[in-house]
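User: I'm new to this one and would like to learn how to read it. Could you walk me through some features, one at a time?

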Amino acid sequence: MSLINDLINLNLSENTEKIIAEYIWIGGSGMDMRSKARTLPAPEMDPSKLPKWNYDGSSTEQATGDNSEVIIYPQAVFRDPFRRGKNILVMCDTYTPSGDPIPTNKRFNAAKIFSNPEVVAEEPWFGIEQEYTLLQNGIKWPLGWPSGGYPGPQGPYYCGVGADKAFGREIVDAHYKACLYAGINVSGINGEVMPGQWEFQVGPVCGISSGDQVWMARYILERITEMAGAVLSFDPKPVSGDWNGAGAHTNYSTKSMRNDDGIQVIKKAIEKLSKRHKEHIAAYGKGNERRLTGLHETADINTFSWGVANRGASVRVGRDTEKAGKGYFEDRRPSSNMDPYTVTSMIAETTILWKP
């Protein structure tokens, strides 16, 4: 094993200009991440200068066997925390050979919204709180839970410390540092209310880059759980009963909201969101009805509500924002398995472009 580790950690730059680029894309389920590597002749961090590539879409439920080629376009580049050196991770989106986005390519439409001049002028910032659950490999039961049984009730686990309260911290800390190394704007981590559940936050990030960074952070996390022999779950309610679900609370502000008296802009934006509640819920993640029950720090899925410092509301305005009269608000409805391209662009479209 020591020889294998030595080879894995070889510094290619000592002997060659060539680098390894790991191309990453989203598969047919909308949540499965796929990747494969290729050799490039020299270091490159500009996605527009990287070659397009292709893969077998019939093996990812994105094409038929008689016309299986899907083309991947490089869109964002990150430093590779696994191979290190000058090697890179490349976030891609997916197209037909004729250049049309395939149906599962959510980035394409999001990019159109974020390139709209009205949206660009508002400089939309997002901070996404990505919750997730670590499962034991083989039995698909949360890490630290007795096999087929349950731990003590919720209470001591949120931001908890200790072998009987924090399960999987090595994975979480490894992910934190790997994301910072990669160039992802991870702003923090914490243990969540349900044991075996954790959260990382990405942001503030402007526009389409928010989706790129969240997806890449998810990829890095799944690679680390792979190495640790654990299973990563983004299920919004991984354990039924009196346990918290997993969300992806989305914090949002525009330039107008961050300016003086921005609270008035925030209130108008929330009013717009209330009028399109059903459309947003439909796009905010699969299985979200199991999470948004009105219990466990959630609002009921069928009713829109908002309040200051209210974690049982659909949208929460923080005390600091209320006091300053400007700032941001938090959409608490998105589930942990939401598509960040879809959610961020939909919030921007509703609050900036939509005319009720």
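**Reading the structure step by step**

Both E330 and R332 are buried.

User: Okay, that's a pair to start from. What do E330 and R332 form with each other?

Analyst: A salt bridge: the closest N and O atoms of E330 and R332 are 3.2 Å apart. Keep in mind as we go that this is a predicted model.

User: How many salt bridges does a search of the whole structure find?

Analyst: That search turns up 14. Some share partners, and that is how E22, D80 and R83 end up joined into one network.

User: Show me another one. Which residue does D164 meet in a salt bridge?

Analyst: The side chain of D164 meets that of K165, at 2.9 Å from N to O. The two partners get different labels for accessibility: D164 has a relative accessible area of 51%, so it falls over the 50% cut-off and is exposed. K165, with 24%, is partly exposed, because that value sits between the 20% and 50% limits.

User: And which parts of the chain does the pair of D260 and K326 tie together?

Analyst: D260 is in the loop between helix 6 (255-258) and helix 7 (262-275), while K326 is in the loop between helix 9 (319-324) and strand 13 (329-331), so the bridge ties together parts that are 66 residues apart in sequence. Their side chains meet at 3.1 Å, N to O. D260 is exposed at 66% relative accessibility, and K326 is partly exposed at 30%.

User: Let's move on to helices. How are two packed helices described?

Analyst: The general idea is that you give the angle between their axes and the distance between those axes. Take helix 5 (residues 209-228) and helix 10 (residues 340-353): they pack at about 155°, and their axes are 8 Å apart. An angle over 145° counts as roughly antiparallel, so that is the label for helix 5 against helix 10. Their crossing is right-handed.

User: Which residues make that contact?

Analyst: From helix 5 come S210, G211, D212, V214, W215 and R218, and from helix 10 come P340, Y341 and T344. Sorted by type, the residues of this contact are four nonpolar, three polar and two charged.

User: What about helix 4 and helix 5: at what angle do they pack?

Analyst: Helix 4 (residues 169-182) packs against helix 5 at about 140°, with the axes 9 Å apart. Since that angle is not over 145°, helix 4 counts as oblique to helix 5. The crossing of helix 4 past helix 5 is right-handed.

User: Which residues are involved there, and of what types?

Analyst: Helix 4 brings I171, A174, H175, A178, C179 and A182, and helix 5 brings A217, I220, L221, I224, T225 and A228. This contact of helix 4 with helix 5 divides into ten nonpolar, two polar and no charged residues.

User: Now single residues. Is H277 buried or exposed?

Analyst: Buried: its relative accessibility is 7%, and the label applies because that is under 20%. H277 lies in helix 8 (residues 277-283). Leaving out residues up to four places away in sequence, H277 touches I301, N302, T303, F304, S314 and R333.

User: And where is G27?

Analyst: G27 is in the loop between strand 1 (19-26) and strand 2 (33-40). At a relative accessible area of 0%, G27 is buried. Not counting residues up to four places away in sequence, it touches D32, R34, T60 and Q62. Q62 is 35 residues from G27 along the chain, yet their C-alpha atoms are separated by 7.2 Å.

User: Last topic: the backbone. Which residues does a cis peptide bond join?

Analyst: G203 and P204, with omega at about 0°. P204 is part of strand 8 (residues 197-206).

User: Which residues other than glycine have a positive phi?

Analyst: Two to look at are D261, with phi near 65°, and E297, where phi is about 65°. D261 is placed in the loop between helix 6 and helix 7. E297 is in the loop between helix 8 and strand 11 (306-308), and at 39% relative accessibility E297 counts as partly exposed.

Technical notes. Residues numbered from 1 in each chain as written. Predicted model: local features only at pLDDT ≥ 70, side-chain atom pairs only at ≥ 80, totals over all residues. Heavy atoms only, no water. Axes fitted to C-alpha atoms, helices over the stretch in contact; angles between N-to-C directions. Helix = DSSP H or I, 4+ residues; strand = E, 2+ residues; numbered from the N terminus. Parallel < 35°, antiparallel > 145°, perpendicular 65-115°, else oblique. Left-handed = near helix turned anticlockwise from the far one by under 90°. Contact = heavy atoms within 4.5 Å. Nonpolar A, V, L, I, M, F, W, Y, C, P; charged D, E, K, R; others polar. Salt bridge = Lys/Arg side-chain N within 4 Å of Asp/Glu carboxyl O. Buried < 20%, exposed > 50% of the residue type's maximum accessible area, 1.4 Å probe, protein only.
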